[in-house]
Every structure is written in structure tokens, then in C-alpha cells.
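Me: I would like to go through the labels given to parts of this structure and ask what stands behind each one. Please set each value against its cut-off.

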Amino acid sequence: MFTAPALTLMLLRPVVDLAPGRLARWFGWAGCVLCTIAALRWAGILPMPVELEDTLRDVARALPADYAIVIGQAFIAVIYLQITGRRAGWWWAVAGMLGVMTIFLQHRSVWVATAAGLAWLAIRTSRSFTVAWLSVAAAGAVTLGLVVIADPNIATTVESLVSGNVREVQSRGSTWEWRVQGFAEATDRAFASDVTDMVIGPPAGWAANSNASFASIHIHDRYVDTLAYYGVFGLAVLLLWLG
């Protein structure tokens, strides 16, 4: 059951030391490991999984979204470490690598989620760490300037990646539109079900005998996915855990 890990962590929190700094370091190291795997796949040292190969992009998505989001979270976590304490200077390089890798992996949902998480972190910490945030902004601006001076092609590549994905979203029949339609279908199905399915989710295996679309079964949004498979109760537990 998807809610079991959330309930377990909530109950064990008084016993287990889950300090924010320790969790942030774990995320940082996990992000570095995943970045290494992606780089090795791009270099041809590790094989590219068949399901990730496509001809739509000049740079292949070397990791699926479930792993790319960990890199985005690691990017936020490392910035948190930098603004809340004086870490070693190489953590700045780690933050830059994680940010660049998040862009190059080209998962638009990860871009949106990472931007939202970074905005949330800025709002929560701006009063206490105003000077630190100014330092982060200055370091980012200086780094971007040095990159553009050293190799303008990098900036051109990043711009083409972002603009290409934006054009894909705006095109007719885009995967983004297809997924959003799946969100709407899954949500409508959840609230049109009987009371039991709506509260705790449908029984296991229901999709095999359903005429639901692929996008409404393999849902590309954790909140909609939790509502569709674990009902209102599961979504409430997820939100409570995050809160």
C-alpha cells in the first residue's frame, strides 16, 4: 500500500534522527550517483535502455522521470545546505552539476517540480538567510557568465533544449496535453466510483478489465496517481506526510 511508508515514517519520526541537514546530504549523494549513471550512458560506456531511446531529441533522456526527480530534489537539497551552513566550496560545483543535469535530462514535469520546490525553499528561508540567498544568486550569475565566456555553445545547447521542449508542449497532440487529459480522466473516474473505491481506491487488478486510456492508468503525477489508486484517504495521508 502506497500510504504505508508515509505512515511508518510519521510514527518513527520521534525515534529516528531525521535531521534536515542529514537528509539533504543523502539527497546530494544520491543525485551525484544518478548524474554519474546518466553521464556514462551519454558517453556510451553504459548501455542506453531501449525504453529511453527516441529520435525526437538531440540529447537522449538518459534517466526516466522517477530518477530525474531525485536529481532535481538533490539540487534543492544542496542549495539548502549552502544557505543554512558554511559548507565546503566544492558543494557549489555539485549544485551547478545537479542543476545542469536536471535541464539536460529534459523531463518537463521535473523542471516544473524543481522550480516549485526551489521557490518554496526561498520563501521559507528568505527572512532568516537573506544574505545567503544573495550569495547564491551572485554565485549563479558569475558561474553562468563564466560558462558563456568559456564556451558559448553550452548556452546555445541549453537554450535549444528548453525552447524545443516548450515548442513540443505547445504543439497539437503533444505528450503534455495527452497526460493532462489522462489526469482529468483519472480524477473523474475516482469521483464517479462508489464510496469505497473513492475513499480507499479501487481493488488491485482493476485496470486489466477496464477500458481506461493508457495515460489515465500510467499517471504522470504523484498526487493524481495517489488519488486514482488509493482514494481520498491515500491522498490525504500523502499531503499530511508532506506537510
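**Labels and their reasons**

Reply: In this predicted model, a nonpolar patch on the surface is formed by L7, M10, Y223, L239, L240, W241 and L242, with about 660 Å² of accessible area together. Two elements, α1 (3–12) and α11 (222–242), give two or more residues to the nonpolar patch. The largest share, 5 residues, comes from α11.

Me: Why is Y223 called partly exposed?

Reply: Y223 sits in helix α11. Its relative accessibility is 42%. Buried would need under 20% and exposed over 50%, so Y223 counts as partly exposed.

Me: How many aromatic pairs does the structure hold?

Reply: There are 2 aromatic pairs.

Me: What makes W178 and F214 a stacked pair?

Reply: The ring centres of W178 and F214 are 6.1 Å apart, and the cut-off for a pair is within 6.5 Å. Their planes stand at 10°, and planes under 30 degrees apart count as stacked. The pair is therefore stacked. W178 belongs to helix α8 (residues 175–192) and F214 to helix α10 (residues 214–217), so the pair ties together parts that are 36 residues apart in sequence.

Me: Are W178 and F214 buried, partly exposed or exposed?

Reply: W178 has a relative accessible area of 39%, which falls between 20% and 50%, so W178 is partly exposed. F214 has 53%; the cut-off for exposed is over 50%, so F214 is exposed.

Me: Why is the pair of W206 and Y229 called tilted?

Reply: The centres of these rings, W206 and Y229, lie 5.9 Å apart, with planes at 50°. Stacked needs under 30 degrees and edge-to-face over 60, so the pair of W206 and Y229 is tilted. W206 is in the loop between α9 (195–200) and α10, while Y229 is in helix α11, so this pair ties together parts that are 23 residues apart in sequence.

Me: Why does W206 count as buried, and why does Y229 count as partly exposed?

Reply: W206 has 16% relative accessibility, and buried means under 20%, so W206 counts as buried. Y229 has 22%; the range for partly exposed runs from 20% to 50%, so Y229 counts as partly exposed.

Me: How do you know that helix α3 is mostly covered?

Reply: Of the 20 residues in α3, 14 are buried. Helix α3 covers residues 65–84 and reaches 28 Å from its first C-alpha to its last, close to the 28 Å expected at 1.5 Å a residue.

Notes: Residues are numbered from 1 along each chain as its sequence is written. This is a predicted model: local features need pLDDT of at least 70, side-chain atom pairs count only at pLDDT 80 or more; totals for chains, interfaces and linings use all residues. Side-chain values use heavy atoms; hydrogens and water are left out. Patches are made of residues with over 30% relative accessible area and no salt bridge: like charges are joined within 9 Å, nonpolar side chains (Val, Leu, Ile, Met, Phe, Trp, Tyr) within 5 Å. Accessible areas come from the Shrake-Rupley method with a 1.4 Å probe; for residues, only the protein chains shown count as cover. A salt bridge is a side-chain nitrogen of Lys or Arg within 4 Å of a carboxyl oxygen of Asp or Glu. Helices (H or I, at least four residues) and strands (E, at least two) are DSSP runs, numbered from the N terminus. Buried means under 20% relative accessible area, exposed over 50%, partly exposed in between (1.4 Å probe, protein chains only). The expected span of a helix is 1.5 Å times one less than its number of residues. Rings of Phe, Tyr and Trp (its six-membered ring) pair if their centres lie within 6.5 Å; planes under 30 degrees apart count as stacked, over 60 as edge-to-face and the rest as tilted.
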